[in-house]
Amino acid sequence: MAKTDFLQPVTAEVYRDYLVEKIAFKPKELKIQVADDCLPMLEKFDLEWVVMELVGNCSEKGPETVTVDMVLKSVPSGKVRMEVGDDVVYEPEQLEKILANITTGRAVRMNKGVLRAKENADFTGIGISSCKKIVEFWGGNMWHESTATGGIRVIAEWDREQFFKTRKAPSQFIEWLAER
């Protein structure tokens, strides 16, 4: 378990409690699995932002009825994989818009590590586009798969070393833990 000197140990369960408290739309159930070697990543702001966006998007589609699951683990290639999925059945046009933003990241651009909305962006999908650009900044990629229930599973893989070389801003999760 990752542990900061003055805080309780960081665990997947504690992180789940934090997410449930902080996200705007509460899912019926939020399942989180985090491999022990990935726990220190939860202390970084950029990952927190990506997690909040992906989990929040899933939850927004059916608050109080949707089940969201998140897995964060290492894969043999030296990369880290995060999967976030839901059990929502999407309308075809809604699904098309979501998938286009996951695939292209078209609503934003990144310049020297800073995200900016593209000119004339209508801000639809800006959050998911931002997630894609952040993951690419970490030397990774983001894509989607359909689930058996008709939902979407967003998968992101990034380079572990590149992730830890980027900004060192602490997450709000750390402040939240300190207050407990």
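**Threonine 11, helix 1 and the core**

Biologist: Why does threonine 11 count as buried?
Modeller: First, a heads-up: this is a predicted model, where local features need pLDDT of at least 70 and side-chain atom pairs pLDDT 80 or more, while totals for chains, interfaces and linings use all residues. Residues are numbered from 1 along each chain as its sequence is written, and side-chain values use heavy atoms, leaving out hydrogens and water. Buried means under 20% relative accessible area, with exposed over 50% and partly exposed in between (1.4 Å probe, protein chains only). Threonine 11 makes the cut because its relative accessibility is 15%.

Biologist: How far is the backbone nitrogen of valine 14 from a polar atom of the threonine 11 side chain?
Modeller: Threonine 11 sits in the segment before helix 1; helices here are DSSP runs (H or I, at least four residues; strands are E, at least two), numbered from the N terminus. The distance from its side-chain polar atom to that nitrogen of valine 14 is 3.1 Å.

Biologist: Around how wide an arc do the buried residues of helix 1 lie?
Modeller: Helix 1 buries Ala12, Val14, Tyr15, Tyr18 and Leu19. They share one side of the helix because their arc, taken from the directions from the helix axis to the C-beta atoms, is only 160°.

Biologist: Which helix gives the largest share of the largest nonpolar core?
Modeller: That core is a set of buried Ala, Val, Leu, Ile, Met, Phe, Trp, Tyr and Cys residues joined through side-chain atoms within 4.5 Å. It has 39 residues, and Met70 is among those touching the most other members. Seven residues, the largest share, come from helix 2.

Key:
Polar contact = N/O pair within 3.5 Å; in protein donor to acceptor, adjacent residues only side chain to side chain.
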